[in-house]
Each structure stands twice: as structure tokens, then as C-alpha cells.
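Work through these short exercises with the structure at hand. Try each task before reading its solution.

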Amino acid sequence: MGENISEDVKNIKALKEAIRLGMTHIDTAESYAAGHAEELVGKAIKSFNRKRLFITTKVKPEHLRFDQVLKAAKASLKRLDTDYIDLYLIHWPNPDIFLEETMRAFDFLVDEDLVKYIGVSNFSVKLLEEAQSYSKNKIIANQVEYNLLSREPEKELLSFCQKKKIMLTAYQPLARGKLAKPGFVLLDELAKKYGKTQAQIALNWLISKSNVVIIPKSSNIEHLRENLGAIGWKMEKKDIERLDTYGFKRKN
Ligand SMILES: NC(=O)c1ccc[n+]([C@@H]2O[C@H](COP(=O)([O-])OP(=O)(O)OC[C@H]3O[C@@H](n4cnc5c(N)ncnc54)[C@H](OP(=O)(O)O)[C@@H]3O)[C@@H](O)[C@H]2O)c1
């Protein structure tokens with residue numbers, strides 16, 4: 001599993017610090033570090049009240065047959081060292097497997113109290129609607145790439161999620177760190193205006209939209225603190241609109 005003790009210690013420390021700082025939504029997947037990421041989450045959450053945390057994990061597209069889903073969920077629970085998953089997602093669609101079979105397995109996991117809520121990731125509106133038609137449980141989230149540089153969800157998914165009261169979970173909200181640096185003129189200007197950092201402006205813009213939640217990743221405690229500073233305040237409407245329509249190109 002490619003375990004690296006000092007990296008593990010650093011990651012567990014960052015996770016624990018994030019929880020202490022008040023971040024309660026932890027996003028992981030069976031495929032991250034071949035299961036090792038879930039093991040680290042399991043270790044990090046041990047000393048906290050489980051009920052106050054919200055843990056999302058995902059089943060990979062190679063495991064979407066009924067029995068495979070059950071087996072994958074149980075293996076995730078074991079690695080996470082917990083009794084239930086708050087939100088279980090189909091990580092990516094797989095056109096070779098009937099969605100109906102996967103959704104039946106998801107419903108079964110909810111019936112068994114192993115999963116509280118179900119969702120999907122990287123699904124189009126069409127696939128999301130199809131998945132919902134096969135499940136008696138509401139699909140509460142679609143996790144997709146969304147940030148100032150990647151606007152695909154704005155074509156139709158975002159308004160669909162807002163209308164249907166589905167959470168749009170924005171992954172790579174900092175475009176893998178690109179938005180956390182100076183160099184985009186408007187981000188630099190707004191950072192100065194609001195006395196915030198570029199990362200805080202980029203994250204605040206995402207959460208200014210209804211139904212959007214963010215899952216920035218950081219194993220650096222200073223960055224965690226900084227990212228938390230993205231919440232609890234609002235930009236003026238006109239600045240949000242400028243970010244909505246601004247063509248994001250770097251200065252240099
Ligand atoms: N569903 C999917 O298919 C899917 C795909 C990709 C990702 N995801 C999820 O989304 C999460 C986030 O995505 P991501 O990690 O790819 O991208 P991200 O959150 O946009 O960016 C993470 C990068 O930004 C850096 N960073 C974070 N905060 C910073 C700050 N304040 N200042 C400077 N640098 C900062 C991090 O480095 P440091 O650690 O050094 O701070 C890291 O290199 C993942 O952890 C994963 O859970 C889901």
C-alpha cells in the first residue's frame with residue numbers, strides 16, 4: 001500500500017487539526033492510495049465524536065455490480081474503522097454496468113444502516129436523473145470538478161442541482177493550488193480589496209452559490225487555517241458577478 005510513515009504522521013496530524021478547527025466533512029475514496037487514505041482517516045477520527053463528523057467515501061467504477069458494491073462498502077467501513085458512512089458515492093460512471101444494479105446495492109446499504117445518504121460523482125444531469133429513477137433514496141450530492149478555472153457545471157448541472165436541492169460538491173476548488181497563488185489580476189485585486197488571500201476569494205466565490213459545498217485538500221496546517229478563513233463573510237454582489245464572467249488568464 002506504499003505506506004510512508006512520516007507522510008502518514010503528517011497527514012493524520014493535518015486531518016486531526018482540521019477537525020479541531022471545525023472542519024467536519026471528510027472526503028475520501030476506496031481508490032485513494034489504494035485504500036490507505038481511508039485507513040488514515042480511520043486513525044485520525046478515532047479520538048473524536050463520530051456523530052459530529054460527516055464522512056464521504058466512494059466506490060470505484062470497477063466495483064459497481066451488486067455484490068462488489070457491498071464488498072467495497074464493507075471494506076471501506078473496516079479501513080475507516082467506523083460503523084457507517086455518512087455519504088457513499090459512485091466515484092465515476094461505468095457504462096458497462098447497469099446503473100439499476102448499482103442503485104439497488106446502494107439502497108440495500110441504506111436499509112442495512114451502513115450508509116446514511118447516497119450520491120454520485122462525475123455524473124451528467126442525464127445520468128444523475130437515471131440513477132435517481134432507480135433508487136428509492138434521494139441522491140443528495142453530485143461531486144464534480146468546479147472552480148474559477150473549470151466552469152463545466154455552469155452549463156446545466158449547477159442550476160439542476162439548485163432546482164432539485166442536490167448538493168453540488170466542488171472538487172479541486174483551488175484548481176490543485178493554481179488559484180492559491182497571485183497572478184490572476186481580478187483575484188489579486190479582490191484579495192487586496194477584502195483583505196483576504198487569493199485562495200480565500202476563490203473558495204468564497206464557490207460557496208456564494210446556493211447548493212455548492214467545497215472540499216479543498218491540504219496537508220499544511222497554515223493552509224487549512226487559511227482555507228477556513230474563506231467562510232463566514234460575503235463579497236459584494238458586483239464582485240461575485242465579475243468573477244462569474246471574468247476570463248481567467250494569468251498575468252504572465
Ligand atoms: N470525485 C473525484 O473524481 C475527485 C477528483 C479529484 C479530487 N477529488 C477530491 O477533491 C479534493 C480536493 O481536490 P485536489 O486536492 O485535487 O485539489 P485542490 O483542493 O483544488 O488543491 C489542492 C492543492 O492545493 C494546495 N493548497 C490547498 N490550500 C492551499 C492554500 N491555502 N495555499 C496554497 N496552496 C494550497 C494543496 O497543497 P498543500 O497540501 O501543501 O496545502 C494541494 O497541492 C481531493 O482531496 C479529493 O477528496 C475528487
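**Exercise 1.** Find the pocket whose space the ligand takes, and say how much of the ligand the protein covers.

*Solution.* Start with the pocket. In this predicted model, the ligand takes up the space of the largest pocket. Next, look at the residues around the ligand. There are 26 of them. The closest are Asp27, Leu174, Ser218, His223 and Asn227. Now turn to cover. On its own, the ligand has 900 Å² of accessible area, and the protein covers 80% of that.

**Exercise 2.** Sort the shell around the ligand by class, and name the helix that gives the most to it.

*Solution.* Sort by class. The shell has 10 nonpolar residues, 11 polar ones and 5 charged ones. Then check the helices. Helix 9, residues 221–228, gives the most, with 3 residues.

**Exercise 3.** Which atoms of the ligand lie 3.0 Å from Gln143 and from Arg176? Add the contact with Lys217.

*Solution.* Take Gln143. A nitrogen atom of the ligand is 3.0 Å from an N or O atom in the Gln143 side chain. Move to Arg176. Here an oxygen atom of the ligand lies 3.0 Å from a polar backbone atom. Finish with Lys217. A polar backbone atom of Lys217 is 2.9 Å from an oxygen atom of the ligand. Each of these pairs falls within the 3.5 Å cut-off for a polar contact.

**Exercise 4.** Classify the aromatic pair of Tyr194 and Trp233, and place both residues in the chain.

*Solution.* Search the whole structure: there are 4 aromatic pairs. One of them joins Tyr194 and Trp233. Their centres are 5.9 Å apart, and their planes meet at 35°. The pair is tilted. Now place the residues. Tyr194 is in helix 7, residues 185–194. Trp233 is in the loop between helix 9 and helix 10. The two are 39 residues apart, so the pair links distant parts of the chain.

Methods: Residues are numbered from 1 along each chain as its sequence is written. This is a predicted model: local features need pLDDT of at least 70, side-chain atom pairs count only at pLDDT 80 or more; totals for chains, interfaces and linings use all residues. Side-chain values use heavy atoms; hydrogens and water are left out. A residue is near a molecule or strand if one of its heavy atoms lies within 4 Å of it. A polar contact is a pair of N or O atoms within 3.5 Å; within protein, one must be able to donate a hydrogen and the other to accept it, and residues adjacent in sequence count only if both atoms are side-chain atoms. Accessible areas come from the Shrake-Rupley method with a 1.4 Å probe; for residues, only the protein chains shown count as cover. On a 1 Å grid over the protein atoms alone, a cavity is a set of points where a 1.4 Å probe fits but cannot get out, and a pocket is an open set with protein on both sides within 12 Å along at least five of seven lines; lining residues have an atom within 4 Å of a point. A molecule sits in a cavity or pocket if more than half of its atoms lie within 2 Å of its grid points. Helices (H or I, at least four residues) and strands (E, at least two) are DSSP runs, numbered from the N terminus. Ala, Val, Leu, Ile, Met, Phe, Trp, Tyr, Cys and Pro count as nonpolar, Asp, Glu, Lys and Arg as charged, and the others, Gly among them, as polar. Rings of Phe, Tyr and Trp (its six-membered ring) pair if their centres lie within 6.5 Å; planes under 30 degrees apart count as stacked, over 60 as edge-to-face and the rest as tilted.
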